[in-house]
Amino acid sequence: TGFLGATTLVPDVVTMNHAHDTHWTAQPDPAIPHVLKGWGPYSRGIDHHLTVGDMLIRNVSTDIRSFDGVEENGNSIFVFEVAGLCIGHLGHLHHEPNDAQDAGLGRLDVVMAAVDGGRTVDLPTMISILSRLRSSVVIPMHWFEDWTLDAFLRGMPAGFDVQETGANSVEVSLRTLPSRPTVVVLRPRYLQD
């Protein structure tokens, strides 16, 4: 909803989904140059293709659960292409992407995935998605208690390493990507000046 912590930082870009009112705001800070909603007119989706500096930001529309059952194309996976890397934010994913959506994503070097196991897709589905993507770095997000994160980590196939240092950020580059798919656990923290 726009609260980053006690900081004067104004991001160049924010992305939003409308799964819950804590994931978007109708009044983003007007100082933010680019606010990208992950939805468009009901069930028609939206198409973003934006270059900001050296970064290309695009999206792949996905479906979302709604009061009517399912709103087709009501949400987005955002993809950030920069410095030779392709970084995907799966957002509040409610279903396994189909072949066309997988093709739209392309090869993701880094993927951020909601692993709460219920508010988004269930853990077996998310683990299946991540196993198919085989990204070099997987960053779990949208977990609320350590037991939720632990259940996700226990469910990941043996082909994935796990790196948990207690840090709240990670620096990646094309040159330093791990040779084996690695789950990098970050601990959330508000920004401070």
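Start with Thr 62 in this predicted model: leaving aside residues up to four places away in sequence, Thr 62 touches Asn 73, Gly 74, Asn 75, Ser 76, Ile 77, Leu 93, His 95 and Gln 101. Thr 62 sits in strand β5, which covers residues 55-66. With a relative accessible area of 1%, Thr 62 counts as buried, since the cut-off for that label is under 20%.

Now swing over to helix α2, residues 123-133. Its buried residues are Leu 123, Met 126, Ile 127, Ile 129, Leu 130 and Leu 133. They span an arc of only 160° around the axis, so they end up on the same side of α2. The spacing helps make sense of that: an α-helix has 3.6 residues a turn, so residues three or four places apart point the same way. And what do the buried residues of α2 pack against? Their partners are α1 (99-105), β8 (110-114), β9 (137-141) and α3 (146-155). Right after α2 comes Arg 134, with a positive phi near 50°.

Zooming out, the protein chain has three helices and 12 strands. Its radius of gyration is 16 Å, which agrees with the value near 16 Å that a compact globule of 193 residues would have. Along the principal axes, the C-alpha atoms fill a box of roughly 40 × 40 × 35 Å. Buried residues account for 42% of the 193. If you take the contacts between residues at least 6 apart in sequence, 54% of them join residues at least 24 apart.

As for the outside, the accessible surface is about 10500 Å², with 53% of it belonging to carbon and sulfur atoms. The chain carries 13 positive and 23 negative charges, and the mean positions of the two sets lie 4 Å apart.

Methods:
Residues numbered from 1 in each chain as written. Predicted model: local features only at pLDDT ≥ 70, side-chain atom pairs only at ≥ 80, totals over all residues. Heavy atoms only, no water. Buried < 20%, exposed > 50% of the residue type's maximum accessible area, 1.4 Å probe, protein only. Helix = DSSP H or I, 4+ residues; strand = E, 2+ residues; numbered from the N terminus. Arc of directions from axis to C-beta. Contact = heavy atoms within 4.5 Å. Rg over C-alpha atoms; globule rule 2.2 N^0.38 Å. Areas by Shrake-Rupley, 256 points an atom, 1.4 Å probe, with all protein chains shown as cover. Lys, Arg positive; Asp, Glu negative; His and termini not counted. Charge placed at Lys NZ, Arg CZ, Asp CG, Glu CD.
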